[in-house]
Amino acid sequence: MAVALRNWEIASVVLFAYTAALAAILRGLAPRIRARVFAGSGAGLVVVAVSAFTPSNVFLRGWLLPPILLLLAYWTSGLLFTAPMPLAERVLLEIDRVFRVRAISSIAPRWTAEFLEFSYAAVYALIPIALVLHRMFTASPDYDRFWTVILVTDYVCFAMLPWIQTRPPRALEPGDPWRSSLRIFNLRLLGAASTRVNTFPSGHAAEALAAALLVSNAPSAVVGWMLFNTLAVSTGAVLGRYHYAADAFSGWLVALAVWVILR
């Protein structure tokens with residue numbers, strides 16, 4: 001029986017074949033890390049197969065399996081980090097100095113810091129919120145296009161990690177950029193669940209904008225609220241020193257390019 005893959009499933013096959021191929025040829029990977037990349041890539045392909053053979057299950061293909069693929073792609077690509085690139089880190093830090101990022105963080109009011117830290121963490125809720133809004137305000141909801149835009153956007157960001165290997169700015173700068181109670185929660189979450197390396201372009205900024213663009217046919221107040229969230233997530237990522245400014249700008253470009261190409 002022939003199985004027709006949806007666009008986001010094809011993109012996922014390409015991404016996991018890419019991570020497996022890099023694991024096979026990339027120098028500097030420890031054997032156990034190489035094995036984990038192969039395992040993550042294999043798990044991603046298994047999830048795609050489950051999705052492909054359950055074409056009528058809206059819950060699986062519309063709500064559950066795409067986020068699982070996103071997380072697998074994030075963790076698997078993060079394992080391909082071998083060593084930081086000092087030149088790339090210096091360039092990214094210099095761009096931040098030009099924009100006076102650290103200086104702006106240091107004078108941000110406490111309430112602003114708390115709000116932006118919350119916004120940074122809230123990016124994980126934006127995608128399901130965008131999917132609900134897409135169903136509410138679209139005459140014929142298109143799960144395939146929705147998840148294709150989200151996953152391809154993130155996959156482009158993840159695929160760049162082996163070629164631009166940097167540590168997050170918080171790992172290179174002394175002290176916290178501002179006072180915030182929520183920062184403790186974010187740092188613990190990142191310590192437990194993140195790859196602990198920097199992604200250029202920023203997946204946070206990219207998927208936040210992609211989620212907003214996918215509800216562009218909603219009422220203007222809803223679109224404005226989603227765009228505001230995009231700005232808050234990206235600003236929190238940069239001023240909180242989770243990402244460099246260039247990460248966020250390039251993430252927006254990736255999201256916009258993917259959305260336009262897949263229209």
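## A tour of helix contacts and salt bridges

Start by selecting helix H9 (residues 203–213) and helix H10 (residues 220–239): their axes cross at roughly 175° and come within 8 Å. That angle makes H9 roughly antiparallel to H10. Keep in mind as you look around that this is a predicted model.

Now show the side chains where the two helices meet. On the H9 side, pick His-204, Ala-205, Ala-208, Leu-209, Ala-211 and Ala-212. Facing them in H10 are Met-226, Leu-227, Thr-230, Val-233 and Ser-234. Which classes of residue make up the contact of H9 with H10? Colour by class and you will find eight nonpolar and three polar residues, with no charged ones.

Next, turn to the charged side chains. A search of the whole structure finds nine salt bridges, and the following stops visit some of them.

**Stop one: Glu-9 and Arg-61.** Select this pair and look for the salt bridge, where the closest N and O atoms are 2.8 Å apart. Glu-9 belongs to helix H1 (residues 7–25) and Arg-61 to helix H3 (residues 58–78), so the bridge ties together parts that are 52 residues apart in sequence. Are these two residues buried or exposed? Switch on the surface: Glu-9 is buried, and Arg-61 is buried as well.

**Stop two: Arg-97 and Glu-94.** Move on to helix H4 (residues 86–98), where these two residues sit three apart, a separation of about one helical turn. Their side chains meet in a salt bridge, at 3.4 Å from N to O. With a relative accessible area of 54%, Arg-97 is exposed, while Glu-94, at 41%, is partly exposed.

**Stop three: Glu-173 and Arg-102.** Here the closest N and O atoms of the salt bridge are 3.0 Å apart. Glu-173 is found in the loop between helix H7 (143–159) and helix H8 (182–193), and Arg-102 in helix H5 (residues 101–107), so this pair ties together parts that are 71 residues apart in sequence. Glu-173 counts as buried, with 17% relative accessibility, whereas Arg-102 counts as partly exposed, with 26%.

**Last stop: the network.** Stay with Glu-173 and Arg-102, and add Asp-96 and Arg-241 to your selection. What links these four residues? Display their side chains together, and you have a network of salt bridges joining Asp-96, Arg-102, Glu-173 and Arg-241.

Terms used:
Residues are numbered from 1 along each chain as its sequence is written. This is a predicted model: local features need pLDDT of at least 70, side-chain atom pairs count only at pLDDT 80 or more; totals for chains, interfaces and linings use all residues. Side-chain values use heavy atoms; hydrogens and water are left out. Helices (H or I, at least four residues) and strands (E, at least two) are DSSP runs, numbered from the N terminus. Buried means under 20% relative accessible area, exposed over 50%, partly exposed in between (1.4 Å probe, protein chains only). Axes are lines fitted to C-alpha atoms, for helices over the stretch in contact, and angles run from 0 to 180 degrees between N-to-C directions. Angles under 35 degrees count as roughly parallel, over 145 as roughly antiparallel, 65 to 115 as roughly perpendicular and the rest as oblique. Contact means heavy atoms within 4.5 Å. Ala, Val, Leu, Ile, Met, Phe, Trp, Tyr, Cys and Pro count as nonpolar, Asp, Glu, Lys and Arg as charged, and the others, Gly among them, as polar.
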